[in-house]
Amino acid sequence: MEGPLPRLPRGGRVTGPLLLGVRHHGPGSARAVRAALDAADPPAVLVEGPPEGDALLPLAAAEGMRPPVALLVHAANDPGRSAFWPFAAFSPEWVAIRWALARGVPVRFVDLPAAHLLAADEAAGAEVGGGGAHGREAARIDPLRALAHAAGHDDPERWWEDVVEHRGAAGDPLAPFAALGEAMSALREAHGDGGRPRDALREAHMRLSLRAARREFGDAVAVVCGAWHVPALARTVPVGADRALLKGLPRVRTEAGWVPWTHRRLARSSGYGAGVTSPGWYGHLFTAPDRPVERWMTRVAGLLREEGRTVSPAEVIEAVRLADALAAVRGRPLAGLGETTDAVRAVMCDGSDLPLRLVADRLVVGDVLGEVPEDAPAVPLQRDLTRLQRRLRLRPEAAGRTLELDLRRDNDAARSRLLHRLRLLGVDWGEPAAGRAGTGTFRETWSVRWRPELSVKVAEAGVWGTTVEEAASARAVASARAAASLHQVAGLVEQCLLGGLADALPVVVSALADRAALDSDVGRLADALPALARSLRYGDVRATDTAALARAATGLAERVCVGLPPACTGLGAEAAAAMRARIDAVHTAVGLLPGEGGTTGRWWTVLRGLAARDTVPGEIRGRAFRLLLDGGHLAEGEAARAMALALSRAAPPAEAAGWIEGFAGGASGGGLLLLHDERLLALVDGWLASVPPDAFTAVLPLLRRTFAAYEAGVRRSLGELVGRGPAAVGRTPGALPPDGFGASTDADRADAVLPVLHLLLGTDRTAAGPAGAGHHEHAEATG
């Protein structure tokens, strides 16, 4: 190499290589690179990046390309082994690429090929883009921090803003690069190379690429790379030494393409080693034509107003003045992010940090999502996904949003199938969310958010097929055959129905039937049944033929009914709690199965047997009684008699407490039941008062767990009722009939709710007539 660092002679061209050391994703560096290239007008531009992307560089100037984007390189036979090189509009490398393409100047990548990086275990799956001292792999020295410390600053980001980002355009355009190169030379001389182990390999390859470019285009070629590498490129190293260093490196066959990226993934907080702390702020600094502080304050005010906070124009003006004043007091050339943030907090947020979190999330970092041209190289699965996104008007967005789907509409139903198919492929673009949807309804609620790493997931899923439907079907079939449990196969059945995978469903159902026939564990059978029952309901909603699935689900339910009673005998506390949860799930599932009688009748018989069997833990017996009570399968007063027996003095306190937990615990509405059925409350109160002190200490944790699950209002009402004394909770003999409710019904009070019921049910408001007629009409309306 000729000379340590080239200079721009007066009125002439650069006589040696133009080495432009930059900070990755720095807007000040980007402006300086553009000015230097305009002044030097090099015959070729070399950029730090993988040579595999050379063929894709022309797309950077194509219509439809909008940064932030990333160059994705992955192993051809293993897309999961991949690396990204992200670029934002304010990235110096991106500015250099666009400059060269606009002028027809050759531009190439000169970093170590990704084929070598991906072949090394340490680089597989890592985001290696950015390289230098800013890569994901930890460096032994942080050049930015070291330079800031040498200048007497304790904040590297603030020092960099003052020295580079806020620097004006006046003066020699090469001066900042010469100064930065000298500083990096001093750092490397003082600390050694101080970089990552593979830096030597990367710099050797860059030197070889630079030599080849100089032979082809002349000595005046420009190189845009991380500032840390400038001294290594200016150093004279024998060609043989560099070639010997790179000889024999392992490599893999690779494929490359452009993918959309986001500002959030450019942030250092995302784990990207070459990231910056405030990509949204840097993007604003780079694109603002003038008065960046004023324009920033206007954006902040607009955001706060959108969120319902009142911000006047006078407050915007005051915030700008305060930011400028803070910059002057702190000796800064221009108000930076720190000054603007302090001003916004004081003027627009009344000193509160809560609105500032919104500003930091939406503006300082931001959710800007780039775009890639439709004709950019991509795996076939990605092209099919892009086609579906356009057809369904479901645009990928970096900012999360809630999507409400009505499955009765063709477009919404197709959107639902797409999102479910992608989830089956591991591409979690959408996540089911709580909303107006419910089991078997015509609505679904999704939380959708596109993340750049999903592009890798799409590439990985490409091994299953060339279209989303084909890939999801193949993945479902393969997963069903390799599933380790019956529960997993049942979940796949549900996913096939949700995704409308008609070709895969028969194969998965057949695998389910085979697996169920060989599985005798009642717990696993019970775990699998709820997913099948939900699948049947989803099939009804989506007009899918589920006859084979219905037969499999009914057979599974029959086997659960046969095996459940003996499986509930002799269980410990933890096993009983787990079995109780399974019984709840099976109970819900049986209610969703098609048809009446048969399986449903056998299930009620099973619950009666569990409730009456002494060898079954109290928690399960109590739960069985509660399900029978809710289903109307107990005779008048039977619940009170059952509770009286379960809570008698002959019953061990721990068993009795378990019975209460099963009967009235959890989120099953047990609190309201006790509140309105005073006979049951009196039995619980009487049993609790009779528990011996030593036994009370043992059962207290279970009782506390039972009653703590009630809503605060229910607990308060129960406490007030019990606090009135024994008579208030029905312990006075003869105060209540055997069923626990009042002795008579107030017909006038009952008829008063009829107008509201008519409004809710959408029935005609006819005259209620006599009390008996009103109740009859109510029964017909609620049917």
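# A guided tour of the predicted model

Glu-203 has a relative accessible area of 3% and is therefore buried. This residue is the starting point of the tour, and the reader should bear in mind that the model is a predicted one.

**First stop: Arg-188 and Glu-203**

With Glu-203 selected, add Arg-188 to the view. The two residues form a salt bridge, in which the closest N and O atoms are 3.0 Å apart. Arg-188 belongs to helix H6 (residues 175-191) and Glu-203 to helix H7 (residues 199-217); the pair, 15 residues apart, links distant parts of the chain. Is Arg-188 buried or exposed? Its relative accessibility is 6%, so Arg-188 counts as buried. Side chains of opposite charge can pair when their charged atoms come close.

**Second stop: Asp-361 and Arg-264**

Next, select Asp-361 and Arg-264. Here too a salt bridge is found, with 3.0 Å between the closest N and O atoms. Asp-361 is part of helix H15 (residues 354-365) and Arg-264 is part of helix H10 (residues 263-266), so the salt bridge ties together parts that lie 97 residues apart in sequence. Asp-361 is partly exposed, at 34% relative accessibility. Arg-264 is likewise partly exposed, and its relative accessible area is 22%.

**Third stop: a network of charges**

Now select Arg-332 and Glu-339. Their side chains meet in a salt bridge, at 2.7 Å from N to O. Arg-332 is buried, with 7% relative accessible area, and Glu-339 is buried at 0% relative accessibility. Which residues are linked with them in a network of salt bridges? Extend the selection to Arg-330, Asp-342, Arg-345 and Asp-353, which together with Arg-332 and Glu-339 make up the network. Across the whole structure, a search finds 38 salt bridges.

**Fourth stop: Leu-422 and helix H17**

Move to Leu-422, which is placed in helix H17 (residues 410-424). This leucine is buried, its relative accessible area being 3%. When neighbours within four places in sequence are left aside, Leu-422 is in contact with Leu-385, Val-427, Trp-429 and Val-468. Selecting Val-458 as well shows a separation of 8.7 Å between its C-alpha atom and that of Leu-422, although the two are 36 residues apart along the chain.

**Fifth stop: helices H17 and H19**

Display H17 together with H19. Two packed helices are described by the angle between their axes and the distance between the axes. For H17 and H19, the axes come within 9 Å and cross at roughly 45 degrees. H17 is therefore oblique to H19, and H17 passes H19 in a left-handed crossing. On the H17 side the contact is made by Leu-418, Arg-421, Leu-422 and Leu-424, and on the H19 side by Val-468, Glu-469, Ala-472, Arg-475 and Ala-476. By class, this contact of H17 with H19 comprises six nonpolar, no polar and three charged residues.

**Sixth stop: helix H18**

Select helix H18 (residues 454-461). Six of its eight residues are buried, so H18 is largely enclosed by the rest of the structure. The buried residues of H18 are Leu-454, Ser-455, Val-456, Val-458, Ala-459 and Ala-461. What covers the buried residues of H18? The cover includes strand S3 (69-75), strand S4 (78-87), strand S7 (254-260), helix H16 (380-391) and helix H19 (468-482).

**Seventh stop: helices H25 and H26**

Continue to helix H25 (residues 598-612) and helix H26 (residues 618-630). Their axes come within 8 Å and cross at roughly 140 degrees. H25 and H26 are therefore oblique to each other, and H25 passes H26 in a left-handed crossing. To see the contact, select Trp-604, Leu-607, Arg-608, Leu-610 and Ala-611 of H25, then Ile-620, Arg-621, Ala-624, Phe-625, Leu-627 and Leu-628 of H26. The residues of this contact of H25 with H26 divide into nine nonpolar, no polar and two charged.

**Last stop: Pro-653**

Finally, select Pro-653, found in helix H28 (residues 653-664). Pro-653 is partly exposed, with a relative accessible area of 24%. Not counting residues up to four places away in sequence, Pro-653 touches Trp-687, Val-691, Ala-695 and Val-699. Pro-692 may be added to the selection: Pro-653 and Pro-692 are 39 residues apart in sequence, and their C-alpha atoms are 8.7 Å apart in space.

How values were computed. Residues numbered from 1 in each chain as written. Predicted model: local features only at pLDDT ≥ 70, side-chain atom pairs only at ≥ 80, totals over all residues. Heavy atoms only, no water. Axes fitted to C-alpha atoms, helices over the stretch in contact; angles between N-to-C directions. Helix = DSSP H or I, 4+ residues; strand = E, 2+ residues; numbered from the N terminus. Parallel < 35°, antiparallel > 145°, perpendicular 65-115°, else oblique. Left-handed = near helix turned anticlockwise from the far one by under 90°. Contact = heavy atoms within 4.5 Å. Nonpolar A, V, L, I, M, F, W, Y, C, P; charged D, E, K, R; others polar. Salt bridge = Lys/Arg side-chain N within 4 Å of Asp/Glu carboxyl O. Buried < 20%, exposed > 50% of the residue type's maximum accessible area, 1.4 Å probe, protein only.
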